[in-house]
Amino acid sequence: MDGMTYWFRHAAEPRAVPRGRQFAANALRDWGLEHMSEAVTLIASELLTNAVAATGTTKAELSYRERETLPLVAARLRVSSRTLMVEVWDTSRTLPRMRTPETDAEDGRGLPLVTLLCERWDTERHPSGGKVVYAVLPLALPPVRVAEAQVEPPPVAASREEPERLPTRVRKAGGEPKVRPDAALLTRLERLLERKLGRLVAIGA
Ligand SMILES: Nc1ncnc2c1ncn2[C@@H]1O[C@H](COP(=O)(O)OP(=O)(O)O)[C@@H](O)[C@H]1O
Ligand SMILES: [Mg+2]
């Protein structure tokens with residue numbers, strides 16, 4: 001650990017997921033990036049769930065011996081000056097494939113959720129075996145709170161002026177994005193995200 005990188009390793013069993021979430025929350029608190037915690041813990045949670053599903057067991061209670069024989073999953077969190085990267089490694093060489101989510105089915109929603117929460121995600125086989133699935137988020141600075149006493153009230157005359165007209169449409173350089181997200185899918189994913197966050201709050205994760 002060099003101050004900007006944190007590692008997590010665990011046997012590929014279900015409890016790797018809540019522990020991985022806790023690991024991510026601790027790392028973000030340590031970096032003063034708590035405001036990114038929800039997105040990052042959810043991404044870590046989805047990627048670790050997939051890593052365990054691809055290589056490990058679904059059995060909740062394991063003996064010491066059983067746990068010892070399981071393959072490992074690992075997560076690494078890294079911050080640079082501009083990005084935060086969540087990497088999850090597992091021993092399987094099979095690469096993830098985004099499924100087309102069926103209406104109302106909760107299966108196949110993990111990677112679309114990750115897509116929603118990060119700037120980009122990708123996967124690559126690791127030279128020492130297995131593969132890494134990684135998600136990159138832009139590093140968002142913590143919101144700045146300005147003490148009320150420091151805020152100057154606007155001059156009375158200025159408040160009567162016509163508000164400056166805002167552009168009705170802001171275009172990014174390079175024109176329209178190539179892929180338009182499906183609005184209905186986004187709404188469904190947002191609902192799923194809300195439910196998942198609700199569940200995490202309920203279990204105190
Ligand atoms: N780490 C992984 N290793 C191998 N296959 C994976 C991995 N992650 C995801 N996949 C494949 O991609 C599919 C889509 O993943 P996801 O969107 O999370 O949906 P779900 O996990 O509900 O099936 C999975 O069903 C699986 O086949
Ligand atoms: Mg999944």
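The following exchange concerns the salt bridges of this predicted model.

In this predicted model, local features need pLDDT of at least 70 and side-chain atom pairs count only at pLDDT 80 or more, while totals for chains, interfaces and linings use all residues. Residues are numbered from 1 along each chain as its sequence is written, chains are lettered from A and ligands numbered from 1 in the order in which they are written, and side-chain values use heavy atoms, without hydrogens and water.

Reader: Why is the contact between Arg67 and Glu13 called a salt bridge?

Author: A salt bridge requires a side-chain nitrogen of Lys or Arg within 4 Å of a carboxyl oxygen of Asp or Glu. For Arg67 and Glu13 the N to O distance is 2.6 Å, so the pair qualifies.

Reader: What makes Glu13 buried or exposed?

Author: Buried means under 20% relative accessible area, exposed over 50%, and partly exposed in between (1.4 Å probe, protein chains only). Glu13 has 1% and is therefore buried, whereas Arg67, with 24%, is partly exposed.

Reader: How do you know that Glu13, Arg15 and Arg67 are linked in a network?

Author: Besides the bridge from Arg67 to Glu13, the side chains of Glu13 and Arg15 meet at 3.7 Å, N to O. Salt bridges thus link Glu13, Arg15 and Arg67 in a network.

Reader: Why is Arg76 called partly exposed?

Author: Its relative accessible area is 22%, which lies between the two cut-offs, so the term applies. Arg76 forms a salt bridge with Glu87, their closest N and O atoms being 2.8 Å apart. Glu87 has a relative accessible area of 10% and is therefore buried.
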